[in-house]
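The following exercises concern aromatic ring pairs and the surroundings of a ligand. Each task is followed by a solution in steps.

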Amino acid sequence: MSRTALATIHLGALRRNLARVRERAGKAKVMAVVKADGYGHGLERVARALGDADAFGVAALGDGLRLRATGTTTRIVVLSGPDEAADLAELRRLHLDAVIHHESQLAWLEADRDARPLRVWLKIDTGMHRLGFAPDVARAAHARLHALANIDPDIVLMTHFAASDEFDNTLTVHQVAAFDGATHDLAGARALANSAGVLGWPATRDDWVRVGGLLYGLSVIDGKTGVELGFEPAMTLSTKLIAVNRIARGERVGYAATFECPEDMNVGVAAIGYGDGYPRSAPSGTPVLVNGARAGLIGRVSMDLIAIDLRNQPDARVGDRVVLWGHELPVEEIAAHAGSISYDLTCGMTRRVLFVEDEA
Ligand SMILES: *Cc1c(COP(=O)(O)O)cnc(C)c1O
């Protein structure tokens with residue numbers, strides 16, 4: 001057990017981040033997006049910490065099932081709706097809201113004789129070109145949903161932004177205009193903004209905001225950390241040094257011998273690797289914290305191990321704590337080194353990582 005990589009989830013940070021989102025969301029209700037196992041933090045624990053949210057957003061029906069099994073009565077929205085006609089009965093049984101984005105789903109709904117009510121969100125594709133009805137058919141889709149007796153008449157209208165993280169990108173302006181054009185004479189609450197929309201496009205907050213990244217303290221803006229945006233990281237990934245070795249000048253470290261010691265030096269070996277979800281693409285020089293101080297990765301990331309340059313840490317010993325990311329070492333910084341984004345890193349923790357909860 002002592003060798004296990006630990007992901008410590010800070011429940012207080014999640015709660016405070018939700019409060020910070022609320023401050024920025026104006027009058028809008030907040031959907032806490034908890035897809036991908038709560039961005040890798042653990043679906044059930046995240047939902048427990050974020051119990052004050054007005055709704056939870058999940059990617060798939062199975063996540064809705066898991067959430068309902070916790071006993072929560074909070075509204076849950078399945079962001080891609082039913083994947084097949086048989087999902088409709090399950091959505092109704094579990095009182096899950098369904099996003100309706102495609103003609104095939106409309107056809108399943110029209111053939112469905114189940115009398116139990118179903119709440120739906122109508123998704124309009126305003127330029128992301130992933131899911132949603134084209135603006136010119138949105139009104140017709142809305143009318144067909146409205147005509148169904150087993151569909152709740154309060155249909156929420158939604159769209160998703162493709163580039164709201166760029167505060168000067170006119171694509172968002174065009175998307176908002178397309179949404180307004182398609183929906184101006186339709187009744188119903190409106191849901192446009194994601195995390196970046198809340199931060200950079202206040203006019204899009206409307207009735208609902210759908211926020212993921214900021215709740216976990218993850219930056220949604222390139223070149224900024226979550227902390228710089230005023231949020232707290234909800235995950236600390238840590239492990240221990242399991243070896244400290246003196247390696248001679250000219251010797252090489254790790255697979256493919258990519259790092260050559262420029263002098264006689266101490267090399268630490270920490271018990272974490274890509275088998276835990278630490279990115280294999282992280283190159284030499286990627287920072288880690290050893291006893292709270294920065295040190296750099298050397299050589300290749302292995303499945304179970306990483307090597308660390310301890311030249312500026314002569315006192316580091318076997319058993320000392322190594323932090324891969326967390327409050328003092330932004331995951332955004334590691335992601336930048338690894339050529340990825342923070343979301344990808346937190347979502348990538350494997351089953352080998354031991355998750356522990358920190359209430360504060
Ligand atoms: C993931 C997702 C969100 C949340 O996005 P963030 O950028 O993490 O806030 C909102 N809406 C939809 C439809 C999503 O898929």
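**Exercise 1.** Are tyrosine 278 and tryptophan 325 buried or exposed?

*Solution.* The model is a predicted one. Buried requires a relative accessible area under 20%. Tyrosine 278 and tryptophan 325 are both buried.

**Exercise 2.** Classify the aromatic pair formed by tyrosine 278 and tryptophan 325, and state which parts of the chain the pair ties together.

*Solution.* Step 1: a ring pair is described by the distance of the centres and the angle of the planes. Step 2: for tyrosine 278 and tryptophan 325 the centres are 6.3 Å apart and the planes enclose 15°. Step 3: the centres must lie within 6.5 Å, and planes under 30 degrees apart count as stacked; the pair is accordingly stacked. Step 4: tyrosine 278 belongs to the loop between β13 (265-270) and β14 (287-290), and tryptophan 325 to strand β17 (residues 321-325), so the pair joins parts 47 residues apart in sequence.

**Exercise 3.** Describe the polar surroundings of the ligand and how much of the ligand's area is buried.

*Solution.* Step 1: the shell around the ligand includes Lys35, Tyr39, Ser195, Arg210, Gly212 and Tyr343. Step 2: α2 (35-39) and β9 (208-211) each contribute at least two residues to this shell. Step 3: a side-chain N or O atom of serine 195 is 2.6 Å from a ligand oxygen, and one of arginine 210 is 2.8 Å from a ligand nitrogen. For glycine 212, a backbone N or O atom lies 2.9 Å from a ligand oxygen. Step 4: the ligand alone exposes 390 Å², of which the protein buries 90%. Step 5: the ligand occupies the largest pocket.

Definitions and conventions: Residues numbered from 1 in each chain as written. Predicted model: local features only at pLDDT ≥ 70, side-chain atom pairs only at ≥ 80, totals over all residues. Heavy atoms only, no water. Phe/Tyr/Trp six-rings, centres within 6.5 Å; stacked < 30°, edge-to-face > 60°. Helix = DSSP H or I, 4+ residues; strand = E, 2+ residues; numbered from the N terminus. Buried < 20%, exposed > 50% of the residue type's maximum accessible area, 1.4 Å probe, protein only. Near = heavy atom within 4 Å. Polar contact = N/O pair within 3.5 Å; in protein donor to acceptor, adjacent residues only side chain to side chain. Areas by Shrake-Rupley, 256 points an atom, 1.4 Å probe, with all protein chains shown as cover. 1 Å grid on protein atoms, 1.4 Å probe; cavity = no way out; pocket = protein on both sides within 12 Å on 5 of 7 lines; lining within 4 Å. Sits in = over half its atoms within 2 Å of the grid points.
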